[in-house]
Amino acid sequence: MVGQWWKEGDEKVVIRCYNDQRDRIEMECVEKSCEIGNDQTFLFTDTLGDPICRIRNTPRFTMLVAEVRNKLVGSIQGSVKPVKLQDKSVNVGYVLALRVMPPYRRHGIGSMLVRKLEEWFMSHNADYAYMATQKDNEASLGLFVGKLGYVIFRNPAILVNPVNPRGLKLPSDIGIRKLKVKEAASWYRKHVVSNTDFFPDDIVKILRNKLSIGTWVAYYKNNDKIISWAILSVWNSSKVFKLRIGKAPLSFVILTKVCNFVGRFLPFLGLTALPDLFTPFGFYFLYGVHAEGPLRGKLVRTLCEHVSNMAVLDDGGECKVVVVEVDGESNGSDYSLRRCVPHWKMLSCDDDTWCIKPLKREENTTSLSDFTNMFLNSKSRCLFVDPRDV
């Protein structure tokens, strides 16, 4: 797959597939030159020398690179998977990790990479393409929404909670049971898929993946409260890539030291002790988080604390934080989940922005405004975040 465009003058830009043996070292330079972050976000991804680690577990994936005079100046990754969207079975292409080195920006290379990836999506029968960025990333939104025809349709929140090294005491009135893969898949299809967008049709493959630790359901032991329950699955991202803190504000450094001091010498105050987050660390990602019943909030929190305790016992202590992404809409059911999931605001991000674009025009979708309204009217539906997209 090779495409050729002209940037300026006689400088030719070549778009081709990534070659691991040939391109890995140069890709590390591209990644380092394109690290993103702001005053509120200072968690960065450490791919451990494997540029395509984030897409290896998807059904179909690719990585494209941009060259100028035989030098790598940009890249993009994408994957295709089957999901339920608006109660229909469709294939969606996920766009991620668009990178263009600063000296080569504003010359159309980003657009070239996205369009070439969209061609790859369509060759693999994708109906839609979607991507995620931050709502204050003007350059990204300007490209995807302003130029390439994507539509903003969700604003989920990424919630991050540090693992308490001392462990957490769980409520005695709540029972927790681990489900078998077939039982978990059946539970999700029965209770979650009907009101959820982006629910993966290949949920069994996800649950059987070696990175999926398991699925747990929480319930009240008292039979008259059994109508409330919660469920979630755990993905061990530590085995794929690490996170690291960069450009941490002084306030975070001070808070970390205070918490650790007080947690160690004055434990009766109940202040959470923090793990070491200043060296690369792993994390557990919670997916399929769902709850029903009037008392579901406490069950969700207990399940999250149960996972945190699991992380303490993780081999080598690699997992230092627990991450979950839930919808941020106030009228959706995930809004209550957001309030129930334990998290540190300083580490979390509440401005994630998902954008989508139709790659195939349906007969009854005659304009972009029709397509936009279709998704604006679906915000009451839950959003399933595939752990393979993290």
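Helix H2 is largely enclosed by the rest of the structure, because 11 of its 15 residues are buried. The structure is a predicted model. The buried residues of H2 are Ile109, Gly110, Ser111, Met112, Leu113, Val114, Lys116, Leu117, Glu118, Trp120 and Phe121. The list thus includes the charged residues Lys116 and Glu118. The helix covers residues 109–123, and at 1.5 Å a residue it should span 21 Å; its end C-alpha atoms are 21 Å apart, in agreement with that value. In an α-helix there are 3.6 residues a turn, so residues three or four places apart point the same way.

Arg115 also belongs to H2. With a relative accessible area of 40%, Arg115 is partly exposed, because partly exposed residues fall between the 20% and 50% limits. The C-alpha atom of Arg115 is separated by 8.4 Å from that of Leu148, although the two residues are 33 residues apart along the chain. After H2 comes Asn125, with a positive phi near 65 degrees.

Positive phi values were also found at other positions. Most residues other than glycine have a negative phi. Gln86, which is not a glycine, has a positive phi of about 55 degrees. Gln86 is located in the loop between strand S5 (71–85) and strand S6 (88–100), and its relative accessibility of 22% places it in the partly exposed class. Ala97 likewise has a positive phi, near 55 degrees, and is a residue other than glycine. Ala97, however, is situated in strand S6 and counts as buried, at 12% relative accessibility. The two residues therefore fall on either side of the 20% limit below which a residue is called buried.

Aromatic contacts were searched for over the whole structure, and 14 aromatic pairs were found. One of these joins Phe144 and Tyr150 in an edge-to-face arrangement, with 5.1 Å centre to centre and 85 degrees between the planes. Both Phe144 and Tyr150 are buried. Elsewhere, ring pairs connect Tyr94, Tyr130, Phe153, Phe198 and Trp354 into a cluster.

Internal space was examined next. Rolling a probe the size of a water molecule over the atoms shows where empty space is left. The count comes to 3 cavities of 30 Å³ or more. The second largest cavity holds about 70 Å³ of space. Its lining consists of Cys53, Arg54, Asn57, Leu211, Trp235, Ser237, Val240, Phe241, Pro387, Arg388 and Val390. By class, the lining of the second largest cavity divides into 7 nonpolar, 2 polar and 2 charged residues; the charged residues are Arg54 and Arg388, and the polar residues are Asn57 and Ser237. At least three lining residues of this cavity come from each of domain 1 (13–155 + 353–359) and domain 2 (159–347).

Ser237, one of the residues lining the second largest cavity, also has a C-alpha atom 8.6 Å from that of Cys319, with the two positions 82 residues apart along the chain counted as their separation. Cys319 is found in strand S17, which comprises residues 319–326. At 3% relative accessibility, Cys319 counts as buried.

Conventions:
Residues are numbered from 1 along each chain as its sequence is written. This is a predicted model: local features need pLDDT of at least 70, side-chain atom pairs count only at pLDDT 80 or more; totals for chains, interfaces and linings use all residues. Side-chain values use heavy atoms; hydrogens and water are left out. On a 1 Å grid over the protein atoms alone, a cavity is a set of points where a 1.4 Å probe fits but cannot get out, and a pocket is an open set with protein on both sides within 12 Å along at least five of seven lines; lining residues have an atom within 4 Å of a point. Grid points are joined across faces, edges and corners, and a volume is the space filled by probe spheres set on the points. Domain bounds come from an automatic or database domain assignment. Rings of Phe, Tyr and Trp (its six-membered ring) pair if their centres lie within 6.5 Å; planes under 30 degrees apart count as stacked, over 60 as edge-to-face and the rest as tilted. Buried means under 20% relative accessible area, exposed over 50%, partly exposed in between (1.4 Å probe, protein chains only). Helices (H or I, at least four residues) and strands (E, at least two) are DSSP runs, numbered from the N terminus. The expected span of a helix is 1.5 Å times one less than its number of residues.
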